[in-house]
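Biologist: Could you show me the model you've been working on? I'd like to ask about a few spots in it.

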Amino acid sequence: TNTNSNSIDDEDNEDYHSILADAVQHMALAEQPLLIQQWLQSLPPPTPAQIASGHTCLAADRDTLLTRAILVFLATENIRDAHTLLQAFIQNVIPNNNNNNNRDIDTLTKSYMKKDDGFAPSHIIFSSMLVGICQKDVRTGPLFTWLL
């Protein structure tokens, strides 16, 4: 009976994450980056287990949904709203994160390239890199051209 209980919990958890993913996708398709940022800000920050390198738990909902929204914006060629969401998230969510282990945006950026600092790569920095590539700025223009 315990196995049956676990499968029901897994199904409920899967339904919950599916609903969250659908919600952020619909908000992105409705071109509502600031509404997405406000909603993400209301979600719990990543736990120490979720930011640990090599973690086996799911990533934080907030981080996963940020990445999903950015990907939807970029897939629909809406770089403006992807950039708006990312900047609003960096300005409003990162400084107000009470459980960030003193990981401000500069620390997250440095940590992204380190393999031995004990932290998993950041969704925020990954998303920043994606938006930068799509914006074709001076640093990422050659990579964008190579990807095409």
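Modeller: Here are some questions and answers on this predicted model.

Biologist: Let's start with Leu85: is it buried or exposed?

Modeller: Leu85 sits in helix H5, which covers residues 79-92. Its relative accessibility is 0%, and the cut-off for buried is under 20%. So Leu85 counts as buried.

Biologist: And which residues does Leu85 touch, leaving out those up to four places away in sequence?

Modeller: One of them is Phe73, 12 residues away along the chain, with 9.5 Å between the two C-alpha atoms. The full set touching Leu85 is Pro33, Ile36, Gln37, Leu66, Ala69, Ile70 and Phe73.

Biologist: H5 also packs against helix H7, residues 123-135. How many nonpolar, polar and charged residues does that contact have?

Modeller: The two axes are 10 Å apart, at an angle of about 150°, and the crossing is left-handed. H5 brings Ile79, Ala82, His83, Leu86, Phe89 and Ile90, while H7 brings Ile124, Ser127, Ser128, Val131, Cys134 and Gln135. By class, that comes to eight nonpolar, four polar and no charged residues.

Biologist: Now Glu77, with its positive phi. Is Glu77 buried or exposed?

Modeller: Glu77 lies in the loop between helix H4 (61-75) and H5, and its phi is near 60°. Its relative accessibility is 72%, and the cut-off for exposed is over 50%. So Glu77 counts as exposed.

Biologist: What about Glu31: where does it lie, and what is its phi?

Modeller: Glu31 is in the loop between helix H1 (2-29) and helix H2 (33-42). With a relative accessible area of 46%, Glu31 is partly exposed. Its phi is positive although the residue is not glycine, with a value near 55°.

Key: Residues are numbered from 1 along each chain as its sequence is written. This is a predicted model: local features need pLDDT of at least 70, side-chain atom pairs count only at pLDDT 80 or more; totals for chains, interfaces and linings use all residues. Side-chain values use heavy atoms; hydrogens and water are left out. Helices (H or I, at least four residues) and strands (E, at least two) are DSSP runs, numbered from the N terminus. Buried means under 20% relative accessible area, exposed over 50%, partly exposed in between (1.4 Å probe, protein chains only). Contact means heavy atoms within 4.5 Å. Axes are lines fitted to C-alpha atoms, for helices over the stretch in contact, and angles run from 0 to 180 degrees between N-to-C directions. A crossing is left-handed if the near helix is turned anticlockwise from the far one by less than a right angle, and right-handed if clockwise. Ala, Val, Leu, Ile, Met, Phe, Trp, Tyr, Cys and Pro count as nonpolar, Asp, Glu, Lys and Arg as charged, and the others, Gly among them, as polar.
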